[in-house]
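Biologist: I am new to this structure and would like to start small. Please pick one part, take me through it closely, and then show me what lies around it.

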Amino acid sequence: MNFTETLSIRKPASFRLEAVDPDSTPGAKGKEQARTRIEKNAAAIDELQYRLFAENQRSLLIVLQAIDAGGKDGAIRTLSGGMNPQGCTVTSFKKPSEVELDHDFLWRVHQAVPRRGEIGIWNRSHYEDVLVVRVHELVPKSVWSARYEQINRFEANLVAADVHILKFLLHISRDEQKERFQARLDDPEKHWKFSPADVEERKHWDAYMKAFEAAIRKCHTADAPWFVIPANKKWYRDLAITEIVRETMESWKMQYPKPSFDPKSIRIE
Ligand code: ATP
Ligand code: MG
């Protein structure tokens, strides 16, 4: 079984986050083998990205969500490391600006959708509007609860325009988050990664887990699937994501476009 199948969500409507062990490594054969495999995947994705660009028929949108210290940055580094920067854009969605708040919640993300031939990686996304916004009740329930359906319609629109969507939730345990925060406090070179607000957010752990679960239950679709990646082990996180991206792009069987001229008929003097 490949990683896409191994990690696919079979019954989204009754999905339980608790059922996914953040320490588990389904489909993997150990850390050493994973390292070699991640390198191979990176090289394969680089070649696939080249074809994607040449073909100019579709684009790939990769959405990354996680609790604080969940490993989004590390995953993005691994994923984008081998790619041609001209064909890949990483967009981070922070707290919305005043201008963004004066628009509908999809306005800012819509502009960051990768154009044909390109890959877009989103560090946080429109899902924040049903995650942090729900946890802190930044808008009334009647507003955020309507957003799941709005997200589904938005994503269906993109899929119809040949934007392929892969959504990853990096799932770490509460203990793992504590260890990662502590490591950031203990190491002066990591202090910049820490924010006292992270400790405040941690108090809402259960509410976040509920919100993640709801997002997956309501917004996992065949065309824009969620994958919950056990992410306590960084090597497994990187292995699983690069495998799924590679498998997805390989399944498209992309061909280089045929020339509109006969190369043999052209002579260069
Ligand atoms: P990250 O934590 O993603 O690595 P960072 O540490 O550089 O990024 P933060 O300011 O901690 O930057 O993260 C961005 C913050 O913006 C998060 O707290 C996130 O919940 C918040 N945010 C993102 N989108 C929204 C939104 N639509 N509404 C409210 N808050 C949002
Ligand atoms: Mg942060």
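Modeller: Let us start at one loop and follow its contacts outwards.

This is a predicted model, in which local features need pLDDT of at least 70 and side-chain atom pairs count only at pLDDT 80 or more, while totals for chains, interfaces and linings use all residues. Residues are numbered from 1 along each chain as its sequence is written, chains are lettered from A and ligands numbered from 1 in the order in which they are written, and side-chain values use heavy atoms, with hydrogens and water left out.

Our starting point is Arg 124, in the loop between β3 and α6. Names such as these are DSSP runs numbered from the N terminus: helices are H or I with at least four residues, strands are E with at least two. Arg 124 has a relative accessible area of 22%, so it counts as partly exposed; here buried means under 20%, exposed over 50%, and partly exposed in between, using a 1.4 Å probe and protein chains only. The backbone of Arg 124 deserves a look too, since its phi is near 70°, a positive value in a residue other than glycine. Most residues other than glycine have a negative phi.

Now for the side chain. Arg 124 makes a salt bridge with Asp 68, and their closest N and O atoms are 3.3 Å apart. The pair ties together parts that are 56 residues apart in sequence, because Arg 124 sits in the loop between β3 (119-123) and α6 (132-135), and Asp 68 in the loop between β1 (59-66) and α3 (72-81). A salt bridge here is a side-chain nitrogen of Lys or Arg within 4 Å of a carboxyl oxygen of Asp or Glu. Side chains of opposite charge can pair when their charged atoms come close. Glu 128 joins in as well: together with Asp 68 and Arg 124 it belongs to a network of salt bridges. In total, the structure holds 15 salt bridges.

Asp 129 is found in the loop between β3 and α6 too. With 10% relative accessibility, Asp 129 counts as buried. Apart from neighbours within four places in sequence, Asp 129 touches Phe 105, Trp 144 and Arg 147, where contact means heavy atoms within 4.5 Å. Two of those partners also meet each other: Arg 147 lies over the face of Phe 105, 4.6 Å from the ring centre. For this, NZ of Lys or CZ of Arg must be within 6 Å of the ring centre and within 35 degrees of the ring normal.

Let us cross the salt bridge to the loop between β1 and α3, where Ala 69 is found. Ala 69 is buried, at a relative accessible area of 10%. Its contacts beyond four places in sequence include Ile 172, Arg 180 and Phe 181. Ala 69 and Ile 172 are 103 residues apart in sequence, yet their C-alpha atoms are 8.6 Å apart in space.

Phe 181 leads us to the rings. The structure holds nine aromatic pairs. In one, the rings of Phe 181 and Phe 194 have centres 5.7 Å apart and planes at 90°, so they are edge-to-face. Phe 181 is in helix α9 (residues 174-186) and Phe 194 in the loop between α9 and α10 (196-202), so this pair ties together parts 13 residues apart in sequence. The rule is that rings of Phe, Tyr and Trp (its six-membered ring) pair if their centres lie within 6.5 Å; planes under 30 degrees apart count as stacked, over 60 as edge-to-face and the rest as tilted. Phe 181, at 5% relative accessibility, counts as buried, and so does Phe 194, at 16%.

Finally, the strands. β1 runs parallel to β4, with eight bridges between them; strands pair if DSSP finds at least two bridges. Ala 66 stands opposite Leu 170 in β4. On β4 again, Phe 168 has Phe 227 in β5 as its bridge partner, and five bridges join β4 to the parallel strand β5 (residues 226-230). Eight of the nine residues of β4 (residues 163-171) are buried, so this strand is largely enclosed by the rest of the structure.
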